[in-house]
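Here's a walk through one chain and its ligand, from the overall build down to single residues. Have the model open as you read.

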Amino acid sequence: MIVGICGSPRKKATDHVLKEALTILEDKGFETTFYGVRGKNIGPCKHCDYCLRKKECFLKDDMTEVYELLNNAQGIIIASPMYNGGVSGQIKCIMDRCRALGAADYDSLRGKIGMGIAVGGDRSGGQEMALLQIHTYYILSGVIPVSGGSFGANLGACLWSKDSLDGVKEDEEGFRTLRKTLNMFGRYLENYNPETHKKP
Ligand SMILES: Cc1cc2nc3c(=O)[nH]c(=O)nc-3n(C[C@H](O)[C@H](O)[C@H](O)COP(=O)(O)O)c2cc1C
């Protein structure tokens, strides 16, 4: 299963691009699940260290569902709108709250395949910075980060919405970066072996 996490509180550009991505993957035969932060209650990490002692998060909010989705996924797509040149606060909360996943099982996400989608109102609004944030989270978590490769999708999918749903739909170059990244993501997933990175 591939989980796509949408970090926009609106049903607009990021939601649209992620759903297009999941449709492309479904057409290739992958099973996908969409998760959106819109209307959800996911608080920031309190650094109370409860998770280190009790192997679960102290906060009982909508993150519970995200933990389950991430645990069950082979592939992870994080899609974020650009907020001040980086990921949205909602995505940052999810990343930080995953400390509890690592506390419960250090290898919980190890070996899974991850990619990023960054949607900005500006053409150069921080999309690559956000992708670096997403990839850094993947690396720290043991997730294998995938880009679309050079010649167009160097760090992943970068889209330009011009601040609207119609704007992102017109971004042909952005969708080219998405398709390139999805191709590579699919290739990695086809060779996915959950046992490869497990402790002996
Ligand atoms: C708080 C805030 C900060 C933003 N900062 C940026 C930014 O740094 N760069 C950019 O390109 N767009 C920025 N935007 C615009 C959004 O990234 C853009 O409208 C995007 O399409 C929103 O995604 P959505 O339509 O899925 O909600 C910002 C929007 C908000 C609300």
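Helices here are DSSP runs of H or I at least four residues long, numbered from the N terminus. By that count, T181 is found in helix α8, which covers residues 172-190. Keep in mind that this is a predicted model.

## The overall build

The chain has eight helices and six strands. Going along the sequence, they come in the order β-α-β-α-α-β-α-α-β-α-β-β-α-α.

How does the radius of gyration compare with that of a compact globule? For 200 residues such a globule would come out near 16 Å, and the chain has 16 Å, so the two agree. The C-alpha trace spans about 50 × 35 × 25 Å along its principal axes. Buried residues make up 42% of the chain's 200 residues. Looking at contacts with a separation of 6 or more, 76% are between residues 24 or more positions apart.

## Strand β3 and its partners

β3 is mostly covered, with seven of its seven residues buried. That goes for both faces: G75, I77, A79 and P81 sit on one side, while I76, I78 and S80 sit on the other.

β3 also has strand partners. β1 runs parallel to β3, and five bridges join them; here V3 stands opposite I76. β4 runs parallel to β3 too, joined by seven bridges, and in this pairing I78 stands opposite G116.

## Helix α4

Now for α4, residues 89-97. Its buried residues are Q90, I91, C93, I94, M95 and R97. What do they pack against? The list takes in two strands we've just met, β1 (2-6) and β3 (75-81), along with the helices α3 (63-72), α5 (99-104) and α6 (127-141).

## The nonpolar core

The largest nonpolar core holds 53 residues, and V17, A21, I77, I117 and A118 touch the most other members. α1 makes the largest contribution to this core, with six residues.

I117 is a handy place to look around. Not counting residues up to four places away in sequence, I117 touches V17, L18, A21, I77, A79, G156, A157 and L178.

## A closer look at T181

Is T181, back in α8, buried or exposed? It's buried, because 27 other C-beta atoms lie within 10 Å, and the cut-off for burial is 20 or more.

Leaving aside neighbours within four places in sequence, T181 is in contact with M115, S147, G148, A153, G156 and A157. Two of these, G156 and A157, also turn up among the residues that I117 touches. Then there's A21: its C-alpha atom and that of T181 are separated by 9.7 Å, although the two residues are 160 apart along the chain.

## Around the ligand

19 residues surround the ligand, and the closest are K12, P81, G120, G121 and G125. P81 is already familiar as one of the buried residues of β3. By type, the shell divides into five nonpolar, nine polar and five charged residues.

Which elements each supply at least two residues of this shell? They are α1 (13-27) and β4 (113-120). α1 gives the most, with three residues. So α1 shows up twice in this tour, since α1 also supplies the largest share of the nonpolar core.

Key: Residues numbered from 1 in each chain as written. Predicted model: local features only at pLDDT ≥ 70, side-chain atom pairs only at ≥ 80, totals over all residues. Near = placed C-beta within 6 Å. Nonpolar A, V, L, I, M, F, W, Y, C, P; charged D, E, K, R; others polar. Buried ≥ 20, exposed ≤ 12 C-beta atoms within 10 Å, placed from the backbone. Contact = placed C-beta atoms within 7 Å. Pairing = 2+ DSSP bridges. Rg over C-alpha atoms; globule rule 2.2 N^0.38 Å. Core = buried A, V, L, I, M, F, W, Y, C linked by C-beta atoms within 7 Å.
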